[in-house]
Structure formats: C-alpha cells, structure tokens
Amino acid sequence: MRSPTNQQTDVNPLPEHEVENTQFQCTTILDPVFEEHYTVHLQRESVGWRGWIPELPEVECTAETKKELLHTLAIRLREALQAREDAWDEQLEADIEAGKLEHLREDAHRAKKTGKLIDL
C-alpha cells in the first residue's frame, strides 16, 4: 500500500481550455502517488463552482472559488484512489485466505521445476 507522505498533488499542470459545445472547462490533476493525470471538469454555477472527475464518479464537489474547488478535488481524488487501493488489498487478502489463488502458486512451482521460471 502506498501513502501520500507529504507529496503535493499537482493541480492544473496544463493550460485550462474550453471544451467545444459544452458548458464546462477542462483541466487536469496529477496524482503524485500513482503519477497519473486525471481530467477535471469545472463548471461555473450561480453561487460558486462545481467540479468532477469523469473517471472516478465518486469524486465530485462544489466550492466558492475555482482555486478552492481544485484543491478539494485533489484531496478527494487522493482519498478515492487510496480507498480503491485499500479495497483491492483487502480483496486480495481474502482471496489468498480462501485459497482462490492457490492454483497460481502451483503453476509457478510447476514452471520452476520444468525450468520455465527462474528463481530471482
């Protein structure tokens, strides 16, 4: 499991641009832990801003200013990614305990015995 360790999420590394035929702006947020860019949609509303990340539907929020919105989206992105990683780790542990991955271990031992796998 990875942890943020005081790394700052890079917000808005690329110039913001209007998306044709839409009522929102697009920019990106770089997650420093997974080193991936995520597209952020920003929409001006009557009282503030609304933003969301289409790849992660659970990451959506509103704020009074665009700067505050981007900061909050970066935090929520990190939390959502961490939650997904934690859930994946828990499922892997459960599958190991239930013996669901035993066939992979057996395949690896068989491959090693036949010389198709090199022990590092």
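**A predicted chain of strands and helices**

In this predicted model, pLDDT stays under 50 over residues 1-8, a stretch for which the model nevertheless has 16 contacts beyond four places in sequence. The chain as a whole averages a pLDDT of 84, and 81% of its residues score at least 70.

A good place to begin is the overall layout. The secondary structure comes to 2 helices and 6 strands, and along the sequence these follow the pattern β-β-β-β-β-β-α-α. Of the 120 residues in the chain, 28% count as buried. The chain exposes about 8,700 Å², with carbon and sulfur atoms supplying 52% of that area. Among contacts between residues at least 6 apart in sequence, 33% join residues at least 24 apart.

The strands can be followed from one to the next. Strand E3, residues 25-31, runs antiparallel to E4, and 7 bridges join the two. Within this pair, Asp31 stands opposite Glu36 in E4. E3 and E4 form a hairpin with 4 residues between them, and Glu35, in the turn, has a positive phi of about 55°. E4 is also joined to E5, by 5 bridges, and here too the strands run antiparallel. Arg44 stands opposite Trp49 in E5, and the hairpin formed by E4 and E5 has 2 residues between the strands.

After the strands comes helix H1 (66-97). Its 32 residues should span 46 Å at 1.5 Å a residue, and its end C-alpha atoms are 46 Å apart, which agrees. Several residues of H1 are buried, including Leu69, Leu70, Leu73, Ala74, Leu77, Ala80 and Leu81. The buried residues of this helix also include Arg78, Gln82, Glu85 and Asp95. Just after H1, Gly99 takes a positive phi of about 80°.

Strands and helix meet in the largest nonpolar core, which has 17 residues; Val40, Leu42, Ile53, Leu56, Leu69, Leu73 and Leu77 touch the most other members. The elements giving two or more residues to this core are strands E4 (36-45), E5 (48-53) and E6 (56-63), together with helix H1. H1 gives the most, with 7 residues.

Leu69 offers a close look at this meeting place. Buried in H1, Leu69 is among the core residues that touch the most other members. Leaving aside neighbours within four places in sequence, Leu69 is in contact with Leu42, Trp49, Arg50, Gly51, Cys61, Thr62 and Ala63.

Key:
Residues are numbered from 1 along each chain as its sequence is written. This is a predicted model: local features need pLDDT of at least 70, side-chain atom pairs count only at pLDDT 80 or more; totals for chains, interfaces and linings use all residues. Side-chain values use heavy atoms; hydrogens and water are left out. A nonpolar core is a set of buried Ala, Val, Leu, Ile, Met, Phe, Trp, Tyr and Cys residues joined through side-chain atoms within 4.5 Å. Buried means under 20% relative accessible area, exposed over 50%, partly exposed in between (1.4 Å probe, protein chains only). Contact means heavy atoms within 4.5 Å. pLDDT is the predictor's confidence in each residue, from 0 to 100. The expected span of a helix is 1.5 Å times one less than its number of residues. Two strands pair if DSSP finds at least two bridges between them. Accessible areas come from the Shrake-Rupley method with a 1.4 Å probe; for residues, only the protein chains shown count as cover.
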